[in-house]
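I am opening a notebook page for this structure and will write down what I look up, one topic at a time.

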Amino acid sequence: MEWYLPLIWAAVIGTAVVMYVIMDGFDLGIGILFPTARNESERDQMTRSIAPYWDGNETWLVLGGAGLFVAFPKAYAVIMPALYLPVIVMLIALVFRGVAFEFRHVSYSKTGWNIGFFVSSTVATVAQGVVLGGLIQGISVRDGAFSGGPFDWATPFAFACGLSLVAGYALLGATWLTMKTEGPVAERARGQAKMLLVAVLVFMALVSLWTPLKQPRIAERWFSLPNFYFLWPVPFVTALIAYYAWRWIEAGREVPPFLATIALFLLGFLGLVISNFPYLVPPSLTVWDTAATPASQIFMLLGTLLLLPIVLGYIGFVYWLFRGKVREGESYH
Amino acid sequence: MDFDPVLLARLQFAFTIIFHIIFPSFTIGLSAYLATLGCLWLRSGNDRFQHLMRFWTKIFAVSFAMGVVSGIVLSYQLGTNWSRFSVVTGNVLGPLLGYEVLAAFFLEATFLGILLFGFNRVPPWLYVLSAAAVAVGTAISAFWILSANSWMQTPAGHELRGGIAYPRDWLTIIFNPSFPYRFAHMLNAAYLTTGFVVLAVGARYLLAGRHIEEARTMLRMAIGLTAVLAPLQLLLGDQHGLNTLQYQPIKVAAMEAHWDGSKPGDFHIFAWPDEEAGVNRFAISIPRGSSLVLTHHMNGLFPGLSSVPASDRPPVKVVFFAFRIMLAIGSFMIAAAMYGAYLWWRGTLFETRWYLRVMAQSWWIGFVAVISGWVVTESGRQPWIVHGILRTADATSPVPGASIAGTLALFVIAYGIVFWFGIYYINRLIAHGPQKVAAETGRFSPSPISAAQDTGREALQR
Ligand code: HDD
Ligand code: HEM
Ligand code: HEM
């Protein structure tokens with residue numbers, strides 16, 4: 001039990017993070033693509049395609065954070081101080097994103113909040129990528145507490161991760177728009193999706209090569225035998241899905257490109273897990289080092305098993321309720 | 001430059017959580033009000049209730065958004081500002097917050113989607129049910145977070161090993177000694193706060209001679225509610241204080257600025273506590289008032305501040321004055337609600353303009369009372385972050401003061417902008433008022449506020 005529980009919890013938190021990245025990913029992606037819209041009515045169409053969901057989508061971020069606090073308090077207590085500045089910048093950007101979304105509809109001149117929506121979505125995304133990069137490149141720990149400086153995270157690698165995530169979220173946003181809207185917005189999104197797909201692949205390749213070059217332990221993980229025999233399918237499947245995603249976008253398909261993008265994200269996440277397991281705070285603290293006491297993990301796990309299916313049930317219901325496309329000009333003017 | 005990281009971390013946390021609590025105090029009450037209006041609409045079929053519900057829903061949307069985004073900040077700040085606290089209490093507090101997310105936040109956020117955008121897509125009963133789900137969600141959220149906070153005031157059900165708290169009995173942890181009082185007092189505070197906002201808006205319309213029917217309904221509902229809840233709050237607060245006296249006597253001593261425990265306590269209407277000398281200056285007091293309230297006895301004794309070393313005392317002035325503000329507002333609320341009920345009974349409520357004018361200006365009193373109450377509770381707990389277990393000074397993160405100062409400045413700027421725009425937009429929504437046409441034009445609207453703006457424009461063009 002003592003051995004399994006942290007693994008189960010790592011899986012639960014991994015799920016929350018993946019859910020967040022995908023679901024708020026397309027919200028943030030739409031913010032990133034905002035300046036490419038031609039006029040106010042197109043921008044309304046874009047925001048309307050996510051209006052009923054964005055609040056629920058963002059809640060996965062709270063589950064991720066709270067989950068870390070519940071199950072791995074010692075990791076939470078190291079990661080947050082270590083990545084203090086990017087985390088706070090991300091939070092403030094998310095504050096602006098959320099209110100810009102609501103406020104742009106009330107103000108007489110929307111331009112200010114349109115810009116705010118774009119800037120805050122982009123900043124939040126870069127900050128999330130930097131947090132991820134900062135985690136992968138390692139955090140210095142002494143006696144179970146963070147022992148580095150306030151700018152340890154600020155490396156070219158971390159910023160490369162930030163830009164990769166911008167491309168990734170924008171791709172999610174573009175394929176979401178292809179799926180959920182009609183007219184010029186959907187048309188333009190299709191063109192953007194192609195470019196973004198290329199960008200995402202370039203960034204994925206860059207980060208995938210940079211990581212093992214920087215971290216011998218990760219190179220060892222992937223390229224030592226026999227690991228390599230088991231792991232080569234990961235890049236292979238990624239390439240295959242990317243190829244099909246391209247074909248589907250070309251063919252004007254609506255739903256498959258979005259699903260393919262999700263698959264790319266899942267594979268990227270799988271790659272991360274392979275590289276870093278069992279470390280939660282690379283390169284020193286594992287899931288077992290940082291786990292909460294079993295009594296707490298079990299108590300919360302029971303609640304999760306009971307409540308998460310209900311939560312997923314009504315989230316699914318709301319997505320179903322607002323199914324269908326947002327039509328062109330189906331806005332409030 | 002030299003920054004004190006502990007002080008800055010406290011300032012930053014106090015700033016962001018005070019900003020946050022403004023919105024829950026309103027949305028907990030308002031969502032319950034929306035659900036009530038919805039039920040009345042379903043039962044009576046009277047469209048007035050529906051117009052009111054749709055009107056307040058727009059205001060709810062803006063407040064809720066600000067509550068959510070500021071709350072997300074908090075859930076990460078426990079780690080960024082108080083990492084040592086997270087390690088010491090994670091085993092116990094973690095699950096309480098986890099349950100809050102799973103049982104409450106998803107419920108609110110998801111059904112909010114239906115409440116804001118589903119009016120033309122779902123049958124009326126499901127629309128009203130969504131409002132009720134949001135209201136229940138906010139109350140559950142308050143349940144868990146207050147349980148966590150109460151455990152920090154009166155820890156129970158745990159054991160300490162190597163300085164780290166481990167859970168022993170979850171029920172004792174959740175229902176720790178101060179929790180029932182705090183939950184009742186805070187929930188009631190949220191309903192009262194909302195009641196006075198609704199009262200103010202109704203009074204404002206009546207004075208302007210607009211939306212007369214809706215305004216009267218708002219006034220009646222608000223006075224009916226507050227006339228019961230305001231006196232109840234006094235009762236709950238009194239019981240809460242007795243409980244605090246039992247578990248955190250020094251906090252109570254600070255609330256009453258009571259220094260010498262060997263003498264009965266006076267109730268100071270005003271005083272200037274001198275923390276250096278350990279006496280009160282310029283005191284205007286009711287002799288033995290505090291002893292009477294706290295011990296139900298003229299000569300009753302309770303511990304004084306001087307019984308502990310200065311390093312174990314909370315900041316007396318802060319606690320003392322914040323408590324006075326809460327009491328003053330509480331008394332004003334009782335008087336206002338009772339007088340309103342009296343006018344209603346006399347049948348002159350809608351014509352007594354001076355009363356309406358005062359009430360129209362009183363929308364903010366609940367918020368100030370809530371913030372003062374929390375300052376009493378949290379500052380009164382100092383120097384402890386978890387009473388008797390961990391001191392605030394030992395709970396911080398290894399983050400340099402300059403980082404905290406920089407981000408504090410960012411928070412002040414960002415929240416400043418968001419707050420003033422939010423107030424400005426809410427005020428504009430209120431100025432537009434409930435719209436009778438809005439509900440019938442089955443048009444999908446991307447945001448509740450935009451719907452408000454449209455109908456506002458329509459009304460102007462007409
Ligand atoms: C789950 C925990 C929790 C909850 C529900 C609250 N607080 Fe708190 N509060 C803390 C956890 C905390 C804390 C992390 O424990 C702090 C930081 C420093 C301290 O002593 O306690 C704190 C400090 C703190 C301070 C600074 C006190 C001082 O340092 O002198 C203020 C003014 C407030 N809080 C106000 C509030 C308000 C307005 C709340 C209403 C929502 C609130 N607190 C709920
Ligand atoms: C340390 C203290 C606190 C933390 C960490 C915290 C955390 C949060 C978070 C993360 C959210 C956003 C949830 C979402 O995405 O929907 C939130 C919202 C909310 N919080 Fe807090 N909170 C704190 C204090 C309080 C207190 C004391 C109350 C009530 C008594 C409260 C009541 C609410 C409510 C009702 C919401 C829903 C949003 C709204 O109504 O505006 N919170 N909180
Ligand atoms: C009228 C008489 C009132 C009395 C005697 C009273 C008493 C108290 C006491 C003793 C506390 C501190 C408890 C502790 O820290 O252990 C408290 C806290 C608080 N009060 Fe009041 N109160 C009154 C009115 C109000 C009103 C009108 C509001 C708001 C509308 C309010 C909101 C709060 C809040 C939010 C807290 C902090 C949370 C808590 O500890 O419950 N109170 N009150």
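**Entry 1: a helix and an iron atom**

I began with B:His20, which I found in helix H1 of chain B, the helix that covers residues 5-44. I keep in mind throughout that I am reading a predicted model. Next I asked which protein atom acts as donor to the iron atom of ligand 2. I found that NE2 of B:His20 is the only protein donor, and that it sits at 2.3 Å from the iron.

**Entry 2: around ligand 2**

I then looked at the residues around ligand 2, of which there are 24, and noted that B:His20, B:Thr27, B:Gly67, B:Gly71 and B:Glu108 come nearest. B:His20 appears here again, since I also found one of its polar side-chain atoms 3.1 Å from a nitrogen atom of ligand 2. For B:Thr27, I noted that an N or O atom of the side chain is 2.3 Å from an oxygen atom of the ligand.

Why do I call the site of ligand 2 shared between chains? I call it shared because residues from chains A and B both surround the ligand. I listed the elements that give two or more residues to this shell, and they are helix H3 (54-71) of chain A together with H1, H2, H3 and H4 of chain B. H2(B) gives the most, with seven residues. When I sorted the shell by class, I wrote down 15 nonpolar residues, eight polar ones and one charged one.

**Entry 3: around ligand 1**

I moved on to ligand 1, which is surrounded by 17 residues, and the closest of them are B:Arg10, B:Met152, B:Glu378, B:Arg381 and B:Gln382. I looked up the polar contacts of this ligand one by one. An N or O atom in the side chain of B:Arg381 is 2.4 Å from an oxygen atom of ligand 1. A polar side-chain atom of B:Ser379 lies 3.3 Å from an oxygen atom of the ligand, while the side chain of B:Asn149 has an N or O atom 3.3 Å from a nitrogen atom of ligand 1.

Which element gives the largest share of the shell around ligand 1? I found that H1(B) does, with six residues. H1, helix H4 (124-153) and helix H12 (365-381) of chain B each supply at least two residues of this shell. By class, I wrote down ten nonpolar, four polar and three charged residues for ligand 1.

**Entry 4: where chain B touches chain A**

Last, I looked at the contact between the two chains, which takes 78 residues from chain B and 66 residues from chain A. The area buried between them is about 6600 Å², and carbon and sulfur atoms give 78% of it. I noted that B:Tyr76, B:Leu102 and B:Phe106 supply 12% of the area that chain B buries against chain A, which is more than any other three residues.

How many salt bridges are counted between chain B and chain A? The count is zero, although I did find 13 residue pairs in polar contact across this interface. Several elements of chain B each supply at least two residues to the side that touches chain A, among them helix H2 (47-81), helix H3 (83-117) and strand S2 (164-167). H3(B) gives the most to that side, with 25 residues. I closed the page with the classes on the side of chain B that touches chain A, which are 49 nonpolar, 24 polar and five charged residues.

Note on methods:
Residues numbered from 1 in each chain as written. Chains lettered and ligands numbered in written order. Predicted model: local features only at pLDDT ≥ 70, side-chain atom pairs only at ≥ 80, totals over all residues. Heavy atoms only, no water. Donors = N, O, S within 2.8 Å, 3.2 Å for Na, K, Ca; no water. Helix = DSSP H or I, 4+ residues; strand = E, 2+ residues; numbered from the N terminus. Contact = heavy atoms within 4.5 Å. Buried area = accessible area lost by both parts, 1.4 Å probe. Salt bridge = Lys/Arg side-chain N within 4 Å of Asp/Glu carboxyl O. Polar contact = N/O pair within 3.5 Å; in protein donor to acceptor, adjacent residues only side chain to side chain. Nonpolar A, V, L, I, M, F, W, Y, C, P; charged D, E, K, R; others polar. Near = heavy atom within 4 Å.
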